[in-house]
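Dear colleague,

Please find below the structure that I am handing over to you, together with its sequence. My findings follow directly after it.

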Amino acid sequence: MNKSIKRYILIVLGFMIVGITCAFTLKANIGVGAWDALAKSSSDIFGIEVGTMGIVFNCSCVVGQMIILRKKFKPIQLLQVPLSVLLGVVINFVLYEVLTFEFNSFVGGIVMYIAGSTVCAFGVSIVMLLDEVTFALEGFCMALTNVISAKFHVVRQGADILSVIVVVILTLIFKISWSIGVGTIIGMLTFGPTLGIFMKLFKPILKKHNLLNYE
């Protein structure tokens, strides 16, 4: 099996891990990350499965990248579309077909959220280390840095803040259940550092197997 095939298998695996763990954090029902919260709130309003709503949002981000970057948009990034579809399908399957049991424990929800978020960071670290195809929202934020004078992390944080504001407005207007909560705060405090740990741990492993495009 050549290097490229191995890399793409790992990318698909990374997206699947993220999809599975997103379903668990949603099931925990204590609040999720800002982008997922936006998908969840929109799902409640329109009666569409949350993974499907995520597909719509993520594909919109890809279209946004194409509009902003134009000729600078790399064709390889079109893979974000099928990978976003895969992500949404996995979320829907796990959340609605596997995690069908009743779950109302707050403490259990915290444990489930932390476990899911930790494993999710592992999946994201794989995709980021391979540096071939990015997640749609991150790709859109990166594209925005080409047209506004702001660093990536500032734009990405701005996207989260905007998502939270929209979620609050939607929740108050449509009187749907809150999709932001304790889990949102836990994620803000722990996801970044956890991601950094996984990237530090797995970079030498991927490098050893000659799977990185950079040193």
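In this predicted model, the side chains of Glu132 and Arg7 meet in a salt bridge, with an N to O distance of 2.5 Å. Glu132 belongs to the loop between H5 and helix H6 (136-144), whereas Arg7 is part of helix H1, so the pair ties together parts that are 125 residues apart in sequence. In total, the structure holds four salt bridges.

I turn next to the packing of the helices. Two packed helices are described by the angle between their axes and the distance between the axes.

Helix H6, which follows the loop that carries Glu132, takes part in two of the packings reported here. With helix H7 (residues 152-174), H6 packs at an angle of about 125°, and the two axes are 9 Å apart. That angle makes H6 oblique to H7, and their crossing is right-handed. With helix H3 (residues 50-69), the axis of H6 comes within 8 Å, and the two cross at roughly 25°. Angles under 35 degrees count as roughly parallel, and H3 and H6 are therefore roughly parallel to each other. The crossing of H3 and H6 is left-handed.

Helix H5 (residues 106-130), which precedes the loop of Glu132, packs with helix H8 (residues 182-208): their axes come within 7 Å and cross at roughly 40°. H5 is thus oblique to H8, and the crossing of this pair is right-handed. The residues of the contact of H5 with H8 comprise 19 nonpolar, eight polar and one charged.

The remaining findings concern empty space. Rolling a probe the size of a water molecule over the atoms shows where such space is left. The second largest pocket has a volume of about 330 Å³. Its lining is made up of 21 residues, of which Leu26, Lys27, Asn29, Lys40 and Leu95 are the closest to the centre of the pocket. Helix H1 (3-28), helix H2 (34-46) and helix H4 (80-98) are the elements that give two or more residues to this lining. H2 gives the most, with three residues. By residue class, the lining of the second largest pocket divides into 10 nonpolar, seven polar and four charged. Helix H1 thus appears twice in this account: Arg7 of the salt bridge with Glu132 lies in H1, and H1 also contributes to the lining of the second largest pocket.

Yours sincerely

Terms used
Residues numbered from 1 in each chain as written. Predicted model: local features only at pLDDT ≥ 70, side-chain atom pairs only at ≥ 80, totals over all residues. Heavy atoms only, no water. Axes fitted to C-alpha atoms, helices over the stretch in contact; angles between N-to-C directions. Helix = DSSP H or I, 4+ residues; strand = E, 2+ residues; numbered from the N terminus. Parallel < 35°, antiparallel > 145°, perpendicular 65-115°, else oblique. Left-handed = near helix turned anticlockwise from the far one by under 90°. Nonpolar A, V, L, I, M, F, W, Y, C, P; charged D, E, K, R; others polar. 1 Å grid on protein atoms, 1.4 Å probe; cavity = no way out; pocket = protein on both sides within 12 Å on 5 of 7 lines; lining within 4 Å. Points joined across faces, edges and corners; volume = space filled by probe spheres on them.
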